Amino acid sequence: QVRLVESGGGLVQTGGSLRLSCAASGSIFSIDAMGWYRQAPGEQREVVAGITSGGMTNYVDSVKGRFTISRDNAKNTFYLQMNSLKPEDTAGYYCNADVRTRLQRVCEIWGQGTQVTVSS
């Protein structure tokens, strides 16, 4: 069984920074694309950033220049560095990954989420 566990959320003032981590564990052969999503109360979940196995990244327009997604393949962990945070960044943040298990099954896995709150 493969799990994703997020950490690093919390309460920060406007303009502050947080670094989210997402660690994958279990019977992992390889991890393909990884992504961070967020969902604010009453809103739909939206993709924030993604990174391919080759390191190509993409971001939603609202976070470009402020957020950076990265991955450490040796640790099966990926990160979201969030700078210049704004109150509208307040949401639950979820990591997502396409994982190939040691039994060569491909699964889409979600983490349980971590809350980010930005005070004005």
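Two strands are taken to pair if DSSP finds at least two bridges between them. In this predicted model, an open sheet of four strands follows the order E1-E3-E8-E7, and its pairing is antiparallel. The edge strands are E1 (3-7) and E7, each of which pairs on one side only, and the twist from one strand to the next averages 15 degrees. E1 and E3, which run antiparallel, are joined by five bridges, and Ser 7 stands opposite Ser 21 in E3.

The largest nonpolar core holds 29 residues, of which Trp 36, Val 48, Phe 67, Leu 80, Met 82 and Tyr 93 touch the most other members. The strands listed below each supply at least two residues of this core, and the largest share, five residues, comes from E9.

| Strand | Residues |
|---|---|
| E3 | 18-25 |
| E4 | 28-39 |
| E5 | 46-51 |
| E7 | 67-72 |
| E8 | 77-82 |
| E9 | 91-101 |
| E11 | 114-119 |

Leaving aside neighbours within four places in sequence, Val 48 is in contact with a set of residues that includes Trp 36, Phe 67, Leu 80 and Tyr 93, and also Arg 38 and Asn 58.

Asn 96 has its place in strand E9. Because its relative accessible area is 6%, Asn 96 counts as buried, the cut-off being under 20%. The side chain of Asn 96 makes a polar contact with the side chain of Glu 108 at 3.0 Å. Not counting residues up to four places away in sequence, Asn 96 also touches Leu 4, Ala 33, Met 34, Gly 35, Tyr 37, Phe 78, Ile 109 and Trp 110.

Conventions
Residues numbered from 1 in each chain as written. Predicted model: local features only at pLDDT ≥ 70, side-chain atom pairs only at ≥ 80, totals over all residues. Heavy atoms only, no water. Core = buried A, V, L, I, M, F, W, Y, C linked by side-chain atoms within 4.5 Å. Buried < 20%, exposed > 50% of the residue type's maximum accessible area, 1.4 Å probe, protein only. Contact = heavy atoms within 4.5 Å. Polar contact = N/O pair within 3.5 Å; in protein donor to acceptor, adjacent residues only side chain to side chain. Axes fitted to C-alpha atoms, helices over the stretch in contact; angles between N-to-C directions.
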